[in-house]
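Q: Please take a close look at the ligand site of this model. Then follow the charged pairs and the unusual backbone angles elsewhere in the chain.

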Amino acid sequence: MNFLHLRVEEHINHLATFTSTPGHGVTRLVYSEEDRQAKSYIKQEMRKLGLDVEEDEIGNIMGIWHGKNPELPQVWTGSHVDAPLHGGKYDGVVGVIGGLEAIRILKERGVQPKCDVVLAVFSSEEPTRFGVGCLGSRALTGMIREEDLDRWCDDHGQSLRQVLESNGKQPEKVLRQQINPAKVKQFIELHIEQGDVLENKGIPIGIVDRIAAPSEIQLTIWGEQRHAGSTPMDLRKDPMPAAAEVILLVERLNTSGISSSSVGTVGKLHVTPGASNVIPGMVELTVDIRDVDKAKKDELIMELEKSVNDICERRDLSWKWKINGNDSPAVMDVETLHVIKQCAKELNYPYLLMPSGAYHDAMILSRKVPSNMIFVPSQDGISHAPEEFTSTFYIVKGIELLALTLQKITA
Ligand code: HGY
Ligand code: MN
Ligand code: MN
């Protein structure tokens, strides 16, 4: 066990203590106290490593390692530290501490990069709070519109604009703080695979060639709130059975053969008023549908919306369909993908070219900057759960590959 292993474990275990559900996984909602603590830890570690630390209006953090010629376009690496509800210790964190330790490796080797190397912690990668993910990287790539500040709300009805203002931030500035693609030549994100392909094949490294994109939809169905006992079945306008039909439909459409690569989940269901002896007046559910094939994903969503209309019409219910996010799949940069392959060969690390079923900040950054991802295996393919685990043995391999790749593309 060498110092790098020890530092990786120290970072991961320390960051895991910043959770609002201790003992039940890592829950770290954006702009929560735990999110603030995690970011403050990373800023401290960046400063200890001699990086210049900056923070922007939406909470992205950039640790800058100045290169010999600051005029040259920068190379960025990094990921996120926010976590879903009862998530794991590794999602996002591996890319942040991995970037930190990769920079340390290069510094200890006496490497002097030609251009700046920037370690980024993107704010709000998880959709947990606002229903759509990657807010930090969307802000940096100019993908947040004025109306989004008001339409993206958390479960308390607080809009992104209101939460930013209550954190002393200026929402208008969020709309203007984009990176200049001419000044950033590359982004590379180290991340856990969050699936079981690498583990099943016994391969330590994944090199991502494309990223499936999500569509995040909020469906609200209204009925009539009535007594569960005295209301005859034929007089009910119960939104719950309608929601049940929709939930089954999401599964059926994604196993129907319309697309061979789509997946669909209803992860949230909120019933109002939520009493056992009351016919609900309102049901809200979220639909998350993803695919590497944009046309097929659009077809699935159109099909689903049409069916929701038929279900609600037949049951005489009203409904609202709110698309929070509707991203296009991302293709990774081919030129740097070959550099990563070359480096993996040099290190004698077997690797697999593969798609990512999960989305990442690299999906958003790739709209403006050539982007790539390096995966390390997830034990049993588990992620977004307390059982999420990736051995330090694999994380260190990912860091060494990231370090060698950064060294080559900044030489
Ligand atoms: O949902 C995702 O794919 C990412 O973990 N936010
Ligand atoms: Mn995640
Ligand atoms: Mn992630």
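A: **The site of ligand 1**

E125, E126, P127, R290, A358, Y359 and H384 surround ligand 1, each having a heavy atom within 4 Å of the ligand. The model is predicted, so local features need pLDDT of at least 70 and side-chain atom pairs pLDDT 80 or more, while totals for chains, interfaces and linings use all residues. Residues are numbered from 1 along each chain as written, chains are lettered from A and ligands numbered from 1 in the order written, and side-chain values use heavy atoms, without hydrogens or water.

Three polar contacts (N or O pairs within 3.5 Å) can be described here. The side chain of E125 places a polar atom 3.1 Å from a nitrogen atom of ligand 1. In E126, a side-chain N or O atom is 3.0 Å from a nitrogen atom of ligand 1. Y359 takes part through its backbone instead, where a polar atom lies 2.9 Å from an oxygen atom of the ligand. On its own, ligand 1 has 210 Å² of accessible area, and the protein covers 97% of this (Shrake-Rupley, 1.4 Å probe).

Away from the ligand, the structure contains 25 salt bridges (Lys or Arg side-chain nitrogen within 4 Å of an Asp or Glu carboxyl oxygen). One of them pairs D327 with R138, at 2.6 Å from N to O. D327 sits in the loop between β15 (318–326) and β16 (330–331) and R138 in helix α4 (residues 135–140), so this bridge ties together parts 189 residues apart in sequence (helices are DSSP H or I runs of at least four residues, strands E runs of at least two). D327 and R138 are both buried (under 20% relative accessible area; exposed is over 50%, partly exposed in between; 1.4 Å probe).

A second salt bridge joins R151 to D148, with 2.8 Å between the closest N and O atoms. R151 and D148 both belong to helix α5 (residues 146–151), and because they are 3 residues apart, about one helical turn separates them. D148 is buried at 1% relative accessible area, whereas R151 is partly exposed at 24%.

E224 and K237 form another salt bridge through their side chains, at 3.8 Å from N to O. This pair links distant parts of the chain, 13 residues apart: E224 is in the loop between β9 (213–222) and β10 (226–227), and K237 in the loop between β10 and α9. E224 is partly exposed, with 28% relative accessibility, and K237 is likewise partly exposed, at 25%. Elsewhere, R145, E147, D148 and R151 are joined into one network by salt bridges that share partners.

The backbone angles come last. Most residues other than glycine have a negative phi, and most peptide bonds are trans. The peptide bond between T272 and P273 is cis, with omega about 10 degrees. P273 belongs to the loop between β12 (269–272) and β13 (278–279). Y31, which is not a glycine, has a positive phi near 70 degrees. Its loop runs between β1 (26–28) and α2 (33–48), and Y31 is buried with a relative accessible area of 17%. N348 also has a positive phi, about 65 degrees, without being a glycine. N348 lies in the loop between α11 (334–346) and β17 (351–356), and at 66% relative accessibility N348 is exposed.

Key: A polar contact is a pair of N or O atoms within 3.5 Å; within protein, one must be able to donate a hydrogen and the other to accept it, and residues adjacent in sequence count only if both atoms are side-chain atoms.
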